[in-house]
Amino acid sequence: MLLSQLPEDLLYYILSYLDYRSLSRLSQVCRSFYRFVNRDAVWKKIAKALLNTGITREGKDIYPLIRLKDRVKIAQNWYSGICRRRIPLRWKTNDGKIVVHSRRSDVPVEFSGHNQEVNCVDAKDGLIISGSRDRTARIWSLTCTAPRDTIPMCDRVWSVAINPTLSSFVTGTACCENFSPLCIWDVERSISLGTLGSDFRRGAGVLDIRFESPFQLFTCGYDTFIRLWDLRLCPRKCAMEWEEPHDSALYCIQTDGNHMIASGSSYYGVVRLWDKRQTECLQFFQLSSDPVSSPVYCLRFNSSHLYAALATAVHSLDFRQNGTQIR
């Protein structure tokens with residue numbers, strides 16, 4: 001019996017033992033193999049083990065319109081740091097108001113209520129949480145420009161993140177007082193549900209928080225560490241941590257929901273790519289030569305691009321290069 005005549009289930013099982021180079025060579029044997037090997041089901045096991053392929057640890061595919069084979073090719077470039085850089089957008093800073101821009105209207109909606117500048121905002125499904133230097137966190141709804149509730153804090157609020165379940169959110173403060181800068185809050189009742197961590201140094205403020213699942217979140221800040229917290233475990237200690245090698249404050253982080261973390265540093269616009277399975281960073285990119293005013297304030301990425309917002313411009317890293325030969 002020829003290999004191509006085997007039942008599909010058995011073929012999938014056999015091909016699951018091949019790496020991406022072997023699969024690529026097999027797809028060049030004949031047209032029937034080419035069509036079969038190009039199916040997403042053939043590449044899913046390989047994609048789940050690589051960086052930023054859109055397959056989360058739970059098996060969810062966040063880029064279903066892009067072939068997995070193409071994403072596996074790009075993933076090799078993420079791992080190797082092969083990319084093209086450019087600056088697609090520049091801007092000037094504003095006065096720190098919260099402004100919501102609708103895709104259906106040219107008229108923005110302005111939310112006001114903080115007495116000082118707004119340091120952080122998170123929004124999900126019409127729920128908005130903001131944090132300010134005025135030592136308050138505010139809960140908003142898109143249906144009303146006045147805050148639904150105001151939570152007084154004992155310190156400046158540097159970061160906020162809404163749980164994917166929309167039932168709670170986490171605030172990160174400047175850590176200038178003798179208590180943990182990470183606090184979990186109930187959205188409906190606006191009461192504290194507890195804190196995370198017990199060994200933060202004074203001044204180790206938390207500058208960014210990212211939920212990866214309803215139970216896991218990442219934090220980073222002035223103490224130069226990326227930390228992974230699991231809400232199902234002991235809240236006093238993080239589950240894992242990674243240290244920025246040049247002792248720079250970490251302003252922002254992003255995760256692909258599986259193996260990759262991207263972090264933005266306070267000096268020279270440095271962006272680092274991390275593999276959670278390793279302690280050392282994989283790659284770094286210096287986006288600025290100015291050490292004084294070049295923190296990376298925000299990071300976003302899709303399957304092929306990473307976007308980093310510095311003080312006056314967005315920098316784009318395009319990983320769609322011909323680094324690995326997968327045909």
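Start by selecting Ser265, which sits in strand 17, the stretch covering residues 260–265. Keep in mind as you click around that this is a predicted model. Is Ser265 buried or exposed? It is buried, because its relative accessible area is 1%, and the cut-off for buried is under 20%.

Now show the side chain of Glu244 as well. A polar contact of 3.4 Å runs between the side chains of Ser265 and Glu244. To see who else surrounds this serine, leave out the neighbours within four places in sequence and select Glu244, Ser248, Ala249, Leu250, Val270, Ser294, Pro295 and Val296; Ser265 is in contact with each of these.

**Next stop: the second largest pocket**

Switch on a surface and look for the second largest pocket, with a volume of about 620 Å³. To centre your view, pick Phe211, Glu212, Gln254, Thr255 and Gly257, which are the closest to the pocket's centre among the 22 residues lining it.

Then colour the strands that contribute to that lining. Five of them each give at least two residues to the second largest pocket:

- strand 4, at 118–124
- strand 8, at 157–162
- strand 12, at 206–211
- strand 16, at 250–255
- strand 20, at 298–301

Which strand supplies the largest share of this lining? That would be strand 12, with three residues. If you colour the lining of the second largest pocket by residue character, you get eight nonpolar, six polar and eight charged residues.

**Stay with Glu212: a salt-bridge network**

A search of the whole structure turns up 14 salt bridges, and Glu212 is a good place to look at some of them. Select Arg57 together with Glu212: their side chains form a salt bridge, 2.4 Å from N to O. This pair ties distant parts of the chain together, 155 residues apart, with Arg57 in the loop between helix 4 (40–49) and helix 5 (68–80) and Glu212 in the loop between strand 12 and strand 13. Arg57 counts as partly exposed because its relative accessibility is 33%. Glu212, at 15% relative accessibility, counts as buried.

Now add Lys276 to the selection. The side chains of Lys276 and Glu212 also meet in a salt bridge, again listed at 2.4 Å, N to O. Here too, distant parts of the chain are linked: Lys276 is in the loop between strand 18 (270–275) and strand 19 (281–286), and the two residues are 64 apart in the chain. Lys276 counts as buried, since its relative accessibility is 10%. With Arg57, Glu212 and Lys276 on screen together, you're looking at one network, joined by salt bridges that share partners.

For another salt bridge, jump to Asp186 and Arg189. Their closest N and O atoms are 3.6 Å apart. What does the accessibility say about each partner? Asp186 is buried, with a relative accessible area of 13%, whereas Arg189 is exposed at 53%.

**Now go inside: the cavity**

Rolling a probe the size of a water molecule over the atoms shows where empty space is left. How many cavities of 30 Å³ or more does the structure hold? There is one, and the volume of the largest cavity is about 40 Å³.

To see its walls, select Phe200, Ala204, Gly205, Val206, Thr219, Cys220, Gly221, Asp223, Phe225 and Arg227. Strand 13 (216–221) and strand 14 (225–230) each provide at least two of the residues lining the largest cavity. Strand 13 gives the largest share, three residues. By character, the lining of the largest cavity splits into five nonpolar, three polar and two charged residues.

**Last stop: two backbone oddities**

Finish with two residues to inspect in a Ramachandran plot. Leu166 is not a glycine, yet has a positive phi of about 65°. You'll find Leu166 in the loop between strand 8 and strand 9 (168–173). With a relative accessible area of 26%, Leu166 is partly exposed.

Then move on to Cys175, another non-glycine with a positive phi, this one of about 60°. Cys175 belongs to the loop between strand 9 and strand 10 (182–186). Is Cys175 buried or exposed? Buried, because its relative accessible area is 2%.

Methods:
Residues are numbered from 1 along each chain as its sequence is written. This is a predicted model: local features need pLDDT of at least 70, side-chain atom pairs count only at pLDDT 80 or more; totals for chains, interfaces and linings use all residues. Side-chain values use heavy atoms; hydrogens and water are left out. Helices (H or I, at least four residues) and strands (E, at least two) are DSSP runs, numbered from the N terminus. Buried means under 20% relative accessible area, exposed over 50%, partly exposed in between (1.4 Å probe, protein chains only). A polar contact is a pair of N or O atoms within 3.5 Å; within protein, one must be able to donate a hydrogen and the other to accept it, and residues adjacent in sequence count only if both atoms are side-chain atoms. Contact means heavy atoms within 4.5 Å. On a 1 Å grid over the protein atoms alone, a cavity is a set of points where a 1.4 Å probe fits but cannot get out, and a pocket is an open set with protein on both sides within 12 Å along at least five of seven lines; lining residues have an atom within 4 Å of a point. Grid points are joined across faces, edges and corners, and a volume is the space filled by probe spheres set on the points. Ala, Val, Leu, Ile, Met, Phe, Trp, Tyr, Cys and Pro count as nonpolar, Asp, Glu, Lys and Arg as charged, and the others, Gly among them, as polar. A salt bridge is a side-chain nitrogen of Lys or Arg within 4 Å of a carboxyl oxygen of Asp or Glu.
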